[in-house]
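This report covers a few local features of one model. Inspect the sequence and structure, then read on.

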Amino acid sequence: MASAAAEVPSYFVCPISLQLMRDPVTLPTGISYDRAAIARWLAAPGARRTCPVTRQPLEHGLELTPNHTLRRLIQSWAASVSPGSAVDEEVAALRPVSSDEFASLLSDAAAAQVGALRRLRELAAECEDSRAMLESQGGVFDVLSRVVTSGSACSTAREEAVGVLASLRIPEQELIGVSTRHGNLAESLTAVLRSSNLQSRAHAVQLVRTLADAVVPAWVIGLNAELLAEVVGVVRDRVSARATKASLHALAALCPYGRHRVKIVGAGAVAALVELLLDEPERRVCELALAVLDRLCTCAEGRAELVAHAAGVAVVGKKGLRVSEAASERAVRVLRSVARHAATPAVLQEMAQCGVVGKLCLALRSEQCGVKTKEKAHEVLKLHSRVWRASPCLSPSFLALYPS
């Protein structure tokens, strides 16, 4: 073979980078690209929200779909290339990793070798097959957890181990075992969340979400305020879209336990959520933020923080009919908590002035609101009808919708 590069099939080449694809993903337009190349294209200044080949517009917050079939074809082709040929390193790296190689890497990772941990993270992120093979290695979750909680491992090794764990599908029983055997896991994750490395923070909050969703009571109930504050910090700092979603999921899952709600409020979560909503996030982020606010407003501290924020009540009312049925339900639930338990004259006046009362009136007729949401809106309007009906801020059109 004179030149391996010259014989690379054209459909294995990324249309953007013109290089062999390592992690092919497919857009809704049907065109496949290397993940790194299309991610750079979509994130470039000017936000080119179009398919590079077809020029068709793409939705904001687009999820890239892994093309596992194409990846396997590329790997099969790479494996078929003769070892003695002029094959570049990129092609050689695409050859599938054997189980023995994974075992060797895991052995080096157990000794907190950064290179081995980084390679494991890259392999787990590359494709489904590599991740499944790593997950099948005996003791993999304990090995990585030991590195995360090790007092002798360097911070880089711990961060890399967290990155590997965050990319794996950890069975519930393994999660319970890991949290039980490694009592300082929460403290170790807190340290990673404080890292200056944004990617490491994103991986750590994803792992916190996994543990929180699995509902491991002994681990969840005993969480310290420091870890909760760092999870809130991921929302406040906008580490990444994926990390924001993971942190919101984690906060929603952690709210029902013990005094976590008060700790989360004390960490500045309400202000962070209000600021997030003011930034007009995508639909799913908005729904999650309102879900967390709903849970935080079940405690007096959460309600106090919301009404104290200059834009708190207003932004919740604004989202009431603009996003989705789920968002509307959560927004009305938050407003009901405020109207029931924090309804000072100043708050009632603010709700009328900033249009919240009008939104509640519209909710009674909106097709975007379910029956339960409309019942809650009706309840809030009836609760303070004497004040709001007499308010000069309520236009005649809203008065006509006001329940009698």
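Helices (H or I, at least four residues) and strands (E, at least two) are DSSP runs, numbered from the N terminus. By that rule, arginine 336 falls in helix α20, which spans residues 325-341. The model is predicted: local features need pLDDT of at least 70, side-chain atom pairs count only at pLDDT 80 or more, and totals for chains, interfaces and linings use all residues. Residues are numbered from 1 along each chain as its sequence is written, and side-chain values use heavy atoms, with hydrogens and water left out.

**Arginine 336**

Is arginine 336 buried or exposed? Its relative accessible area is 18%, so it is buried. The classes are buried (under 20% relative accessible area), exposed (over 50%) and partly exposed (in between), with a 1.4 Å probe and protein chains only. Contact means heavy atoms within 4.5 Å. Leaving aside residues up to four places away in sequence, arginine 336 touches Lys376, Glu379 and Val380. Glutamate 379 is 43 residues away along the chain, yet its C-alpha atom is 7.9 Å from that of arginine 336.

**Aromatic pairs**

Rings of Phe, Tyr and Trp (its six-membered ring) pair if their centres lie within 6.5 Å; planes under 30 degrees apart are stacked, over 60 edge-to-face, and the rest tilted. The structure holds 2 such pairs. In one, the ring centres of tyrosine 11 and phenylalanine 12 are 4.9 Å apart and the planes meet at 80 degrees, so the pair is edge-to-face. Tyrosine 11 is exposed at 55% relative accessible area, whereas phenylalanine 12 is buried at 4%. Phenylalanine 12 also pairs with tryptophan 77: centres 6.1 Å apart, planes at 65 degrees, hence edge-to-face. Phenylalanine 12 sits in the segment before β1 (24-26) and tryptophan 77 in helix α2 (residues 68-80), so this pair ties together parts 65 residues apart in sequence. Tryptophan 77 is buried, at 15% relative accessibility. Ring pairs thus link Tyr11, Phe12 and Trp77 into a cluster.

**Cysteines**

How many disulfides does the structure hold? The count is 0. A disulfide here is a pair of cysteine sulfur atoms within 2.5 Å. Cysteine 14 is in no disulfide, and the nearest cysteine sulfur, that of cysteine 51, is 11 Å away. Cysteine 14 is buried, with 0% relative accessible area. Why does cysteine 361 lack a bond to cysteine 369? Their sulfurs are 12 Å apart, which is too far, although cysteine 369 holds the closest cysteine sulfur. Cysteine 361 is buried too, at 0% relative accessibility.

**Positive phi**

Most residues other than glycine have a negative phi. Two arginines with positive values are tabulated below.

| Residue | Phi | Loop | Relative accessibility |
|---|---|---|---|
| Arginine 55 | near 65 degrees | between α1 (35-43) and β3 (65-66) | 54%, exposed |
| Arginine 238 | about 50 degrees | between α13 (225-237) and α14 (241-254) | 30%, partly exposed |

**Annotated repeat**

UniProt, in an unreviewed entry, places the feature "repeat: ARM" at residues 268-311. UniProt positions are given in the numbering used here, feature names are shortened, and annotations may be inferred rather than shown by experiment. In the model, residues 268-311 are 75% helix and 0% strand. The end C-alpha atoms of this span lie 15 Å apart.
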